[in-house]
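Let's take a walk through a protein model together. Have the picture open while you read, and look for each part as it comes up.

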Amino acid sequence: MKEREAVFLRKNLSLITVTILIVSAILAQSYWSARQDRELTLEAERSNAHVAVRLLEEHVAQTMQDGVQKLGTAAIAAASFTDVGVDIQHFLNSYDAQDYRYIKALRYIDLAGNSWVSSPDFPSHQMSVAGRDDIHFLMQHPEYKEVVIGSPYESRYDSQLVLPIARNVFDKKGRQVAMISTDLRIAYFAELYANVAKENNAMLALIANAGFIIVRSPFEARYVNRDISKEPATGRLASQDKEGSFTDPDWLDDEFERLYAYRKVSGFPLSVVYGRDLESILAPWYQRLQTRAIFTAVVVLLLLGVMAMLARQFHKLRVSEATLRNAEYKFSEIFERSPLAISLVNLHTRKIDAVNHAWIRLFGYRHDDIVGAGEEYQKLFWVDKEEMRKFISLLRTEPQVDHFQARFRHADGSIKVCLLSSRTYMADGEARYIVTPQDVTRQLAAEQDLLNLNASLEDRVARRTENLERSNAELAEALNSLQLMQGELIRQEKLASLGSLVAGVAHELNTPIGNSVTVASTLQDQARVLQGELQQGAIKRSAFNAFLESTIFGSDVLLRSLQRASELIRSFKHVAVDQSSDMRRQFDLSQVVEEILLTNLSLYAKTGFAMQTNLQAGIQMDSFPGAFGQIIGNFLTNSIRHGFEGRSSGIMCLSTSLLDQEHVKLEFRDNGVGIAQEHLSKVFDPFFTTKFGQGGSGLGMNIVYNLVTTILAGKIQVHSEAGEGSCFTVIVPLVAPAVEEKTTPQS
């Protein structure tokens, strides 16, 4: 019994090995699919969570910004108080008349920590707030000009939870005169967070970077102002990027291990956190895993059954194969291994009894199509029936035939010319014939080709010459199309650069115009107050003098803001006209460069990147200022997008100098990550970019190269080392060469 099992295993070792490999592959595939399914489930949850925290972060940022703006307006008004008692009361009364849907109270706080409070929910009153952490910080730092967010606390009158924000109030000389504080209703955030948490079966929280909780939904008051600064997850959150995700078993609650997604609020030391427990997230995955396991088990069982059936069939085939091999071994070894094509022919039956592998390789027919075929074989195989009759006649009359030339049809339809040789032998009392064909098709074809080659050589040369001329014409047409396409791409890139310039200037104009509107509205309000006092006959010299001082100060701010807007518009007009056309004019290089930098200020003004300039004065040029605008704009974009990739700060330097009496040098450098050596030689190639598919077209530096070398007739060089920044050096003549006018074809 053991011997039978050993023999069975030995004979079916390959089948057993294949079975084991297939089963292993199925199990591995099932395991891999389950892991992939789990990762996709978690990734989908991360994506949904990030969408939620982005929306909530925008809401928090807008709410906080509105509160800060209202606080700033109040600080401006409080800075002009002359009679503190009367002005504070008037200020608080005017505040009560306004609509604050998320602000609970406004406080005016003197330098000793005494506050005057106004709120729509309770009467105005006075109290000391010197013990509050935000007020204590401002009292200790009278020069601090930003808004401070304090710890949440319960209102004394109705126990509502509020979040205080406060700032210093400065007089015209920049000295601290008081503090302004407002309380944001935490319930305003909690209601929104509760709805989102309920819809998504999730936990939402608003956390201060200082390490305390502001809101946690499902809302529980015991979590408000809880100190979580010592927890590892809080430290990890502070050190990570603006947005991300992580898992933690007990952060913010004591119930489940959750997958947390967070986003830090822009401009404020706050973070929005969204969390769902892993058990709920992976519940559908566990159900799919169970179904997949059952299906895999069924497949494996079916596979084992099929392999068992194959093992029995293989055993039967082995027995039959062994019997046949013993019967045909002697003949087949000699006949099949012969390097010559051999066929055994029976003239009595007009059939081929056998052919070897060499014969099959020679003519390409299947063994079953030839062996045993009669008249069908003759019609299929012989090309000329007369040649067949002559060869058969020779076989019957001659004991041997050598080198009889005949034509045969290959299985693919081609014609082969062969030399037939035959010998006669006796089998079963009948004469049989061994026929060996020798293929001479190639030799005859080579001879004929040599003759034809000599005859057709001149014709082939003429045809090739004609084809070459046609190819040259097609290549010239393709080159022209490529040049037209490149020109169109450059035009589109110029328009895109101009669009970016318009957006940047619009963004820069927003600040001075907004300041002008604020100052104008403040002056209007003060004028109305003065008018009311004048009509009542209660105007005082001190109030009138204060009004005049505010008017002079406001007019000065208004004038400087409008002058800033005027400078931006004037620079934009010059640069925009230059970049939107190829206009040539005479200009001062330093003035044009300053205008270009001014219009591109939005690219780096509110970032950690700074621009340093060293512009030689008095360089007069007769050239194309629009080309300089595009070159400098592309340098700025290239540094911010590529040079400072992965960094939050950096320095760019732009310098101009007179190289000699006819040339000027412009140098732009940064201290960014630099350019890899393998990319350095491709910087100016068209369509080369390391940001392909991420917004990079690969045309920026190519356009710079074309502008420098063609329009400005200069040269450009780049030097860079990895980790040490990049430097672009442009040398152009003071007077650009004349450019032929190009006519645009009418469409």
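Buried residues make up 40% of the 747 residues in the protein chain; buried means under 20% relative accessible area, exposed means over 50%, and partly exposed is in between (1.4 Å probe, protein chains only). Keep in mind that this is a predicted model, where local features need pLDDT of at least 70 and side-chain atom pairs count only at pLDDT 80 or more, while totals for chains, interfaces and linings use all residues. Residues are numbered from 1 along each chain as its sequence is written, and side-chain values use heavy atoms, with hydrogens and water left out.

What about the outside? The chain exposes about 43,300 Å², and carbon and sulfur atoms supply 55% of that (areas come from the Shrake-Rupley method with a 1.4 Å probe, and for residues only the protein chains shown count as cover). Along the chain you'll find 18 helices and 24 strands; these are DSSP runs, H or I of at least four residues for helices and E of at least two for strands, numbered from the N terminus. Of the contacts with a separation of 6 or more, 58% are between residues 24 or more positions apart, where contact means heavy atoms within 4.5 Å.

**One sheet and its helices**

Start with an open sheet of five strands in the order β9-β8-β12-β11-β10, with antiparallel pairing. Two strands pair if DSSP finds at least two bridges between them. At the edges sit β9 (212-217) and β10 (243-248), each pairing on one side only. On average, neighbouring strands of this sheet are turned by 20° against each other, direction ignored. Inside the sheet, β11 (residues 258-264) and β12 (residues 270-277) run antiparallel and are joined by seven bridges. Look for Arg263, which stands opposite Val272 in β12.

**Another sheet**

Five strands also form an open sheet in the order β19-β21-β22-β24-β23, this one with mixed pairing. Its edge strands are β19 (609-615) and β23, each pairing on one side only. The twist averages 10° from one strand to the next.

Strand β24 (residues 726-733) runs antiparallel to β23, with six bridges joining them, and Ser720 stands opposite Ser726 in β24. Five residues lie between the strands of this hairpin, and Gly723 takes a positive phi near 85° there. Strand β22 (residues 663-670) pairs with β24 too, in the antiparallel sense over eight bridges; here Arg669 stands opposite Cys727 in β24.

Which residues of β23 (residues 715-720) are on its covered face? They are Ile716, Val718 and Ser720, while Lys715, Gln717 and His719 make up the uncovered one. In a regular strand the side chains alternate between the two faces of the sheet.

Helices lie against both sheets, as the table shows. Axes are lines fitted to C-alpha atoms, for helices over the stretch in contact, and angles run from 0 to 180 degrees between N-to-C directions.

| Helix | Strands touched | Angle |
|---|---|---|
| α5 (residues 186-200) | β8, β9, β12 | about 50° to β9 |
| α6 (residues 232-239) | β10, β11, β12 | about 165° to β10 |
| α15 (residues 589-599) | β19, β21, β22 | about 170° to β19 |
| α18 (residues 700-711) | β23, β24 | about 140° to β23 |

**The cores**

A nonpolar core is a set of buried Ala, Val, Leu, Ile, Met, Phe, Trp, Tyr and Cys residues joined through side-chain atoms within 4.5 Å. The largest one has 48 residues, and Val60, Ile180, Leu206, Ile214 and Leu270 touch the most other members. Helix α2 (residues 13-79) gives the most to this core, with 12 residues. Not counting residues up to four places away in sequence, Ile180 has contacts that include Leu71, Phe91, Tyr108 and Val169. A second, separate core of 42 residues includes Ile596, Phe635, Val708 and Phe728.

**Rings, and one serine**

There are 19 aromatic pairs in the structure. Rings of Phe, Tyr and Trp (its six-membered ring) pair if their centres lie within 6.5 Å; planes under 30 degrees apart count as stacked, over 60 as edge-to-face and the rest as tilted. Phe246 and Trp251 make a tilted pair, 5.6 Å centre to centre with 50° between the planes. Why does Phe246 count as buried? Because its relative accessibility is 8%. Trp251 is buried as well, at 0%. Elsewhere, ring pairs link Trp359, Phe363, Trp382, Phe391, Phe404 and Phe408 into a cluster.

Finally, find Ser343 in strand β13 (residues 343-346). Ser343 is buried, with a relative accessible area of 5%, and its contacts include Trp359, Tyr433 and Val435, not counting residues up to four places away in sequence.
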